Amino acid sequence: VSASGQKSLPIQTAKIFNYSEEQAKATFHLLKQQQELNPNQRNWKLEEVNLLFWLVRRYVQNKGITSERLTRRDWIAVANYLPGRNFLQCWNKWNRGRASMNIKHRWKVREDENLNRLVGLYGTKDWAKIAQLLSHQTGIYRKGKECWERWTNNLALYLVNSK
């Protein structure tokens, strides 16, 4: 129970992607109750952010697309599961929140190997897809541009020079 007397779920931001279906449903119902009690709430709660990230991840997995390709209609569908939030608020929070989550990580040998394999499979055109697959395999969020830069500046040069 928080200082304001409202229940809050013991969910850490680091566990966003480990959310279970049951946790998502419980969070949805809790947020719906809180929204009914305080319909003018503006700031995002940790539970809302966690649910948003879980919803977007689940939604793009079900549709087989990347989050960058979500349309207005997709964001409306996602927002339907966040009480008191509209599609624009969800879109803004997703885009701002992901930028702050994108902490720079050093590239690991395993990531380089996976990147080489994925470039071999998909070529050098669809970096968003390669980044999505690489992020899924390694658990480290990478953008398409980041993968392209790693490939162009490090791995492709290494392969050319090693021949």
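**Exercise 1.** In this predicted model, work out how α2 and α3 pack, at what angle and with their axes how far apart.

*Solution.* Begin with the geometry: α2 and α3 pack at an angle of about 130°, and their axes are 10 Å apart. Next, compare this angle with the classes, in which angles over 145 degrees count as roughly antiparallel, 65 to 115 as roughly perpendicular, and the rest, apart from those under 35, as oblique; that makes α2 oblique to α3. The handedness follows as a separate step, and the crossing of α2 and α3 is right-handed. Turning to the residues, the contact is made by L52, L55, V56, Y59 and K63 on the side of α2, and by D74, W75, A77 and V78 on the side of α3. Sorted by class, the contact of α2 with α3 has seven nonpolar, no polar and two charged residues.

**Exercise 2.** Find which residues of α1 and α2 make the contact, and state whether the crossing of these helices is left-handed or right-handed.

*Solution.* First locate the two elements in the sequence: helix α1 covers residues 21–37 and helix α2 covers residues 46–63. They pack at an angle of about 130°, with axes 10 Å apart, and α1 and α2 are therefore oblique to each other. The crossing of α1 and α2 is left-handed. From α1 the contact takes E21, A24, T27, F28 and L31, while from α2 it takes E47, E48, L51, W54 and R58. Dividing the residues of this contact of α1 with α2 by class gives five nonpolar, one polar and four charged.

**Exercise 3.** Describe the second largest pocket, stating how much space lies in it and which element gives the largest share of its lining.

*Solution.* Start with the volume, since about 250 Å³ of space lies in the second largest pocket. There are 13 residues that line this pocket, and the closest to its centre are E21, W54, L55, R58 and Y81. Then assign the lining to elements: α1, α2 and α3 (72–79) are those that give two or more residues. The largest share, six residues, comes from α2. Finally, the lining of the second largest pocket divides into nine nonpolar, one polar and three charged residues.

**Exercise 4.** Determine the angle at which α5 and α6 pack, and list the residues that make the contact.

*Solution.* Helix α5 (residues 109–122) and helix α6 (residues 127–138) pack at an angle of about 140°, with their axes 10 Å apart. The class of roughly antiparallel needs an angle over 145 degrees, and α5 and α6 are therefore oblique to each other. The crossing of α5 and α6 is right-handed. On α5 the contact is made by R110, E111, N114, L115, R117, L118, V119 and Y122, and on α6 by W127, K129, I130, L133, L134, Q137 and T138. The residues of the contact of α5 with α6 divide into eight nonpolar, three polar and four charged.

Definitions and conventions:
Residues numbered from 1 in each chain as written. Predicted model: local features only at pLDDT ≥ 70, side-chain atom pairs only at ≥ 80, totals over all residues. Heavy atoms only, no water. Axes fitted to C-alpha atoms, helices over the stretch in contact; angles between N-to-C directions. Helix = DSSP H or I, 4+ residues; strand = E, 2+ residues; numbered from the N terminus. Left-handed = near helix turned anticlockwise from the far one by under 90°. Contact = heavy atoms within 4.5 Å. Nonpolar A, V, L, I, M, F, W, Y, C, P; charged D, E, K, R; others polar. 1 Å grid on protein atoms, 1.4 Å probe; cavity = no way out; pocket = protein on both sides within 12 Å on 5 of 7 lines; lining within 4 Å. Points joined across faces, edges and corners; volume = space filled by probe spheres on them.
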